[in-house]
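This report describes selected features of one structure. Please look over the sequence and the model before reading on.

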Amino acid sequence: MLYDCIKNIQALLYPPRCLLCGQAGEHGLDLCRGCRIDLPWQGHRCERCGAAMPGQGRVCGPCLRKPPPVSRSLIPFAYRAPLDGLILGMKFSDRLAAAALLGQLLARTARQEGVALPDALLPVPMHPHRLRERGYNQAHELARVIARELQLPVFPELARRVRHTTMQSRLDGRARRHNLRDAFDLGGQTLPSHVVIVDDVVTTGSTVNELAACLLRGGAERVDVWACARAR
Ligand SMILES: [Zn+2]
Ligand SMILES: [Zn+2]
């Protein structure tokens, strides 16, 4: 509530201004028309894994051969400039403004594509040690913005990270999966039937798929992923 109130006062004092070039923003976003068009939109994507793919098919070959635990991935952007800068901004500087813009873009894409809205948003949990070092979880900040835009509840406590996994980006695919085994704990609570996992960047998908598999084992019926960008 307080956050909404501060946002409203900010909007009056500071009209939307593009975070990328400084010109006036449009549609209430801190993003101008030119920079919005220039963002690395992924175009046609696989519904299951969110990877860009040619043609009109709904699901890519690898997902057809081996359907992943995630039912639907909404990942509007490729992890390229200038979007990577916004995501890094969310981690290091200008944090709230970058998280607000990215969360608003994700929420608007979800609305435009008419994806099914979940019972709960779950930001990918961070291990408590890492959270203490950094002081915040950027996936949680994104989820908070999406929740406000789409009137959805955020349940960050649905899953905990129980093992301090090695930085995923330093490992190859098989090592990542091994690194993530038993990385999450659900704490025995009753899960909402449809959960959307929120993350900033999806790389191989191993983290979100491991978390999705864990939620499905725990009784969730459907798990989707909404993330800003897909890195390859
Ligand atoms: Zn701009
Ligand atoms: Zn796919």
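F77 has a relative accessible area of 2% and is therefore buried, since the limit for that class is under 20%. The model discussed here is predicted.

**The aromatic pair**

How many aromatic pairs does the structure hold? There is one. W41 and F77 form this pair, which is tilted, with 4.4 Å from centre to centre and 45 degrees between the planes. The two partners come from distant parts of the chain, 36 residues apart. W41 sits in the loop between α2 (33-38) and α3 (61-65), whereas F77 belongs to strand β2 (residues 77-78). W41 has a relative accessibility of 38% and counts as partly exposed, while F77 is buried.

**The zinc sites**

Two zinc ions are described in the table, each with its donor atoms, distances and angles.

| Ion | Donors | Distances | Angles |
|---|---|---|---|
| zinc ion (ligand 1) | C18 (SG), C21 (SG), C32 (SG), C35 (SG) | 2.3 to 2.4 Å | 101 to 118 degrees |
| zinc ion (ligand 2) | C46 (SG), C49 (SG), C60 (SG), C63 (SG) | 2.2 to 2.3 Å | 104 to 114 degrees |

Why is the arrangement around the zinc ion (ligand 1) called tetrahedral? Its four donor atoms subtend angles of 101 to 118 degrees, and four donors count as tetrahedral because all angles lie between 85 and 135 degrees. The site of the zinc ion (ligand 2) is tetrahedral as well, with angles of 104 to 114 degrees among its four donor atoms. For comparison, the ideal angle for four tetrahedral donors is 109.5 degrees.

Along the chain, the donors of the zinc ion (ligand 2) follow the spacing C-x2-C-x10-C-x2-C. The donor residues of the zinc ion (ligand 1) are spaced C-x2-C-x10-C-x2-C. Among the latter donors, C21 and C32 both lie in the loop between α1 and α2, so the pair ties together parts that are 11 residues apart in sequence.

Are these cysteines buried or exposed? C21 is partly exposed, with a relative accessible area of 39%, whereas C32 is buried at 6%. At the zinc ion (ligand 2), C46 is buried with a relative accessible area of 1%. C49 also counts as buried, at 16% relative accessibility.

**A nonpolar patch**

Which residues form a nonpolar patch on the surface? I9, L13 and Y14 do, with about 360 Å² of accessible area together. I9 is found in helix α1 (residues 2-13). The relative accessible area of I9 is 45%, and this residue is partly exposed.

Key: Residues are numbered from 1 along each chain as its sequence is written. Chains are lettered from A and ligands numbered from 1 in the order in which they are written. This is a predicted model: local features need pLDDT of at least 70, side-chain atom pairs count only at pLDDT 80 or more; totals for chains, interfaces and linings use all residues. Side-chain values use heavy atoms; hydrogens and water are left out. Donors are N, O and S atoms within 2.8 Å of the metal (3.2 Å for Na, K and Ca); water is not among the atoms, so sites may look incomplete. Four donors count as tetrahedral if all angles lie between 85 and 135 degrees; four count as square planar and six as octahedral if opposite donors are over 155 degrees apart and all others between 65 and 115; anything else is irregular. Buried means under 20% relative accessible area, exposed over 50%, partly exposed in between (1.4 Å probe, protein chains only). Patches are made of residues with over 30% relative accessible area and no salt bridge: like charges are joined within 9 Å, nonpolar side chains (Val, Leu, Ile, Met, Phe, Trp, Tyr) within 5 Å. Accessible areas come from the Shrake-Rupley method with a 1.4 Å probe; for residues, only the protein chains shown count as cover. A salt bridge is a side-chain nitrogen of Lys or Arg within 4 Å of a carboxyl oxygen of Asp or Glu. Helices (H or I, at least four residues) and strands (E, at least two) are DSSP runs, numbered from the N terminus. Rings of Phe, Tyr and Trp (its six-membered ring) pair if their centres lie within 6.5 Å; planes under 30 degrees apart count as stacked, over 60 as edge-to-face and the rest as tilted.
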